[in-house]
Amino acid sequence: MARIVMKFGGTSVGDIERIKNVAQLVKKEVDAGNEVAVVVSAMSGETNKLVGYCREVAPMHDSREYDAVVATGEQVTTGLLSLALQELGCNARSWLGWQIPIKTDDAHSKARIMEIDTPLMRERMAGGQVPVIAGFQGIGPDNRITTLGRGGSDTSAVAMAAALDADRCDIYTDVDGVYTTDPRIVPKARKLEKITYEEMLESASQGAKVLQTRSVEMAMKHRVRLQVRSTFAPDTPGTLVCDEDEIVEKELVSGIAYSRDEAKITLVDVADIPGVAAKIFGPLTDANVNVDMIVQNIAEGQATDLTFTVAKGDLDRCVAVLKEKKEELGFQDLIADDNVVKISVIGVGMRSHAGVAQTMFTALADKGINIQVISTSEIKVSVLVAEEYTELALRALHTAYGLDAA
């Protein structure tokens, strides 16, 4: 007998028929003799609708009341799935974040889980009950409902799996696993049988949308074995996210991620003296603008150019902050460009093999694709290129690293 946490995303519970289908998948695990806890998202489109209501009523809304509204989507799903399970003869009961409780900090709309009390839930599960838990939500220090940010149900599921000492956390979604790259762009993309926590974390943070970044961070911290599976093809093997030790044959490159949510800013003729970078990035930090890739050109005389990237949604705010401080910062011009894409080659094999970056640069050069910015980590090489080359670059790199399906 295993203890399993099953998480179902919005598309998996998008309507009544799909909720009934999910109930059948849960019952199958229960019938196999497993202890099962289920975490659900709101029905697809429901959270967006609730967010829209909040913005329509109060554009500068109180985040505590915002959380009270948007958390209701999951409440509906937990009740409906519990009813569907009861109809199949399963002893099921819905649980909201405050009932468990899932204790969070007080950062409303982007709260972080601090602690989960599980004694009662363990007792109920040992007695054969299937708890159906509302993802995305918890309760803050002030006893008010909090939400974990978009995609937070993945984090809820992993946190619950860690708290329950589950053998596995199955994330059911509308894809049947993790692929070497986006199969909609590269038809030869392959589904991976296994991927390391580190690789999945890099992939998620660099644009892959299979799992939410915070959920992978938590899984890696608590060593929760994650399995990505398809709700609509449940008999198809998924992808296991696990420790590096569980993967016998490690590929040099496991995948290629991309993100179109990038904008590039270049500050022209910045003074080449100590402390200037701190003066530039300090105000951006104060404005809650996250900076990603950074490159500084070789100085000519006493000035240099500084280029960096931010999320597209932060571009206008970033430009406004910098222009307001132009005189203080001393740059001559500001050039913004949001027609760019970040492409990242990822693999734990990079730790022990040279030439990964060279292969990337050569493959792009052969296709006439100019690299604008480069950044690296231990298991990742990222480049910024013009957005129009996204598909061409992904296909070229996928082939160059031998990832194409036979």
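**Exercise 1. A pair of strands**

Which residue in β12 does Gln 227 stand opposite? Describe the two strands concerned and the sheet to which they belong.

*Solution.* The structure is a predicted model, and we begin with the single residue before widening the view. Gln 227 stands opposite Leu 240 in β12. Next, look at the strands themselves: β11 covers residues 226-230 and β12 covers residues 239-242, and the two run antiparallel, joined by 3 bridges. Then place them in the sheet, which is open and mixed in its pairing, and whose 8 strands follow the order β3-β6-β2-β1-β9-β11-β12-β10. At its edges lie β3 (92-95) and β10 (194-196), each of which pairs on one side only. On average, neighbouring strands of this sheet are turned by 20° against each other, if direction is ignored.

Finally, consider what lies across these strands: helix α6, made of residues 152-163, lies across β11 and also across β1 (3-8), β2 (35-40), β6 (130-134) and β9 (168-173). The helix α6 runs at about 175° to β1.

**Exercise 2. A strand with two partners**

Determine whether strand β20 is enclosed or open to the outside, and describe how it pairs with β18 and β19.

*Solution.* Start with burial: strand β20 spans residues 380-386, and because 7 of its 7 residues are buried, it is largely enclosed by the rest of the structure. Then take β18, residues 340-346, which pairs with β20 in the antiparallel sense over 7 bridges; here Val 341 stands opposite Val 385 in β20. Turn next to β19, residues 373-377, whose pairing with β20 is antiparallel as well and extends over 5 bridges. In that pairing Thr 376 stands opposite Val 381. As a last step, note the connection, since β19 and β20 form a hairpin with 2 residues between them.

**Exercise 3. Two packed helices**

Describe how helix α7 and helix α8 pack, and which residues make the contact.

*Solution.* Two packed helices are described by the angle between their axes and by the distance between those axes. For α7 (residues 197-205) and α8 (residues 213-222) the angle is about 165°, and the axes are 9 Å apart. Angles over 145 degrees count as roughly antiparallel, which means that α7 is roughly antiparallel to α8. The crossing in which α7 passes α8 is left-handed.

The contact itself is made from α7 by Tyr 197, Glu 198, Met 200, Leu 201, Ala 204 and Ser 205, and from α8 by Thr 213, Val 216, Glu 217, Ala 219 and Met 220. Sorted by character, these residues divide into 7 nonpolar, 2 polar and 2 charged.

Key. Residues numbered from 1 in each chain as written. Predicted model: local features only at pLDDT ≥ 70, side-chain atom pairs only at ≥ 80, totals over all residues. Heavy atoms only, no water. Pairing = 2+ DSSP bridges. Helix = DSSP H or I, 4+ residues; strand = E, 2+ residues; numbered from the N terminus. Axes fitted to C-alpha atoms, helices over the stretch in contact; angles between N-to-C directions. Contact = heavy atoms within 4.5 Å. Buried < 20%, exposed > 50% of the residue type's maximum accessible area, 1.4 Å probe, protein only. Parallel < 35°, antiparallel > 145°, perpendicular 65-115°, else oblique. Left-handed = near helix turned anticlockwise from the far one by under 90°. Nonpolar A, V, L, I, M, F, W, Y, C, P; charged D, E, K, R; others polar.
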